[in-house]
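This report looks at how some helices and strands are arranged in one molecular structure. Please keep the sequence and the 3D view at hand while reading.

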Amino acid sequence: MDRVGIAVVGCGMMAQGMHLPNLSRHPDFRLLWCCDPDPHALQTAVERFGPERQTSEAAEVVGARECEAVLIAASHSARLPLIELFARAGKHIYVEKPMAESFPELRRVLQVVRETSIRFTVGHNRRAAPAVREAVRVLQKHRDSPISPPWRWDREGRERPTLEGERRTMVLIRINDDYWSWKKWAFQAGALVNEMTHFLDLAGCFIPSHPCWVQVAGERIGNHVITVGYQDGSLAVIFESIFGSFGYPKELVEIYHNGAVIVLDHLCEMRVAGVVDEPFRTTFPFWNDRYPEIAVQGIEGYYRRTLAAQREALEKGDNSILPVQPDKGHYALLTDFARCIRTGEEPLCGADVAAVATALMLRCVESEQSGGQRVEVCPEDFRPV
Ligand SMILES: NC(=O)c1ccc[n+]([C@@H]2O[C@H](COP(=O)([O-])OP(=O)(O)OC[C@H]3O[C@@H](n4cnc5c(N)ncnc54)[C@H](O)[C@@H]3O)[C@@H](O)[C@H]2O)c1
């Protein structure tokens with residue numbers, strides 16, 4: 001495959017911490033440009049990742065013919081003008097979440113993508129994470145062939161009533177965050193806008209039905225419980241606290257469906273019960289493992305690496321050394337983006353898919369503003385007009 005020439009537009013924390021390291025070693029991409037109006041951000045990105053060119057002006061990237069795609073990881077206020085600018089120039093776009101912060105903005109983005117026929121991906125990366133892909137596979141296998149293991153206790157046998165709920169899925173997502181780690185701008189929109197699109201999208205990966213309502217208890221800034229109801233009666237509950245600690249894993253996902261339980265423990269370990277011929281425990285490699293000498297993988301491996309990171313932070317007097325990260329799917333989503341640019345297929349997190357989680361997040365904000373009322377979600381919420 002010819003490598004895709006790409007520009008990174010917005011070279012702040014996310015670009016330098018994740019996308020630029022991934023792009024600079026990715027065989028499907030050629031890192032052509034770094035673009036940022038902030039001279040410090042631009043200079044550090046250029047020094048660390050060596051793009052072929054640099055600029056403070058997005059318009060300069062528009063004119064570069066060899067640049068086929070852009071990855072936009074810019075400040076939220078710059079997102080829509082940059083999407084319009086690059087889409088109209090025919091550049092394929094990978095844009096960081098949230099895709100929009102209002103319904104007019106969301107509809108505008110959907111319309112521009114539709115009119116220009118570019119490949120468009122939103123950075124809801126978790127749906128591309130190896131652990132999530134594997135959980136989706138196991139769940140689908142159980143849906144297609146719901147065979148109970150021979151040890152399942154069937155007290156009533158033939159006398160047992162058949163329950164409607166057997167066809168539904170219950171998803172529980174627990175997020176442990178620490179607001180001391182946030183940047184100043186993150187406090188404006190809060191975790192409901194900045195983070196929850198990830199988890200609303202993730203819940204949707206496991207529930208093959210349309211969401212029809214949301215309800216939020218708690219505050220927009222953080223510390224909330226979101227409930228999402230789906231047409232088939234499935235429910236997703238997302239519990240999020242920003243008063244937690246990075247001394248403990250950030251995210252736990254539990255999926256319950258028709259006698260099966262699938263648990264994703266911080267995306268580095270999956271545990272499965274009630275699905276025939278599946279191992280109880282599967283582990284997934286860490287991303288950019290800082291402590292490869294620690295052989296233990298999975299959640300126990302995560303704890304050991306966390307303790308090693310805490311020791312190193314104390315020894316060096318550098319508390320920006322954080323525990324090692326699981327693979328959250330950023331690299332795989334880039335791979336999918338490149339493949340779809342070449343094949344013309346719809347990306348894993350294209351505009352229509354991403355619009356669902358974005359619209360849910362916007363309805364969650366309405367629910368929070370109304371003091372926790374249940375807010376309906378309709379299919380028009382995810383459409384361009
Ligand atoms: N998917 C994830 O896991 C994840 C994690 C963190 C952040 N993010 C997202 O990444 C994006 C960036 O977040 P961040 O933490 O890197 O923010 P940041 O503030 O560190 O970086 C943003 C950069 O954009 C630049 N910028 C502003 N206007 C621009 C313009 N017109 N053209 C080019 N660059 C411009 C700023 O100068 C800054 O350097 C946000 O959308 C955020 O929500 C995603």
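In which sense do strand 8 and strand 17 pair, and over how many bridges? Strand 8 (residues 211-218) pairs with strand 17 in the antiparallel sense, over two bridges, and E376 of strand 17 is the bridge partner of W213. Strands pair if DSSP finds at least two bridges between them; strands (E, at least two residues) and helices (H or I, at least four) are DSSP runs numbered from the N terminus.

The model is predicted, so local features need pLDDT of at least 70 and side-chain atom pairs count only at pLDDT 80 or more, while totals for chains, interfaces and linings use all residues. Residues are numbered from 1 along each chain as its sequence is written, and side-chain values use heavy atoms, with hydrogens and water left out.

Both strands belong to an open sheet of nine strands with mixed pairing, in the order 14-13-12-11-7-10-9-8-17. Strand 14 (281-283) and strand 17 (375-376) stand at the edges with a single partner strand each, so one side of each has no neighbour in the sheet.

The table lists two helices that touch strands of the sheet, contact meaning heavy atoms within 4.5 Å, with angles from 0 to 180 degrees between N-to-C directions of axes, which are lines fitted to C-alpha atoms, for helices over the stretch in contact.

| Helix | Strands touched | Angle |
|---|---|---|
| Helix 6 (residues 130-144) | 11, 12 and 13 | about 180 degrees with strand 12 |
| Helix 11 | 8, 9 and 17 | about 45 degrees to strand 8 |

Helix 11 (residues 351-369) also packs with helix 5 (residues 103-116), at an angle of about 175 degrees and with axes 10 Å apart.
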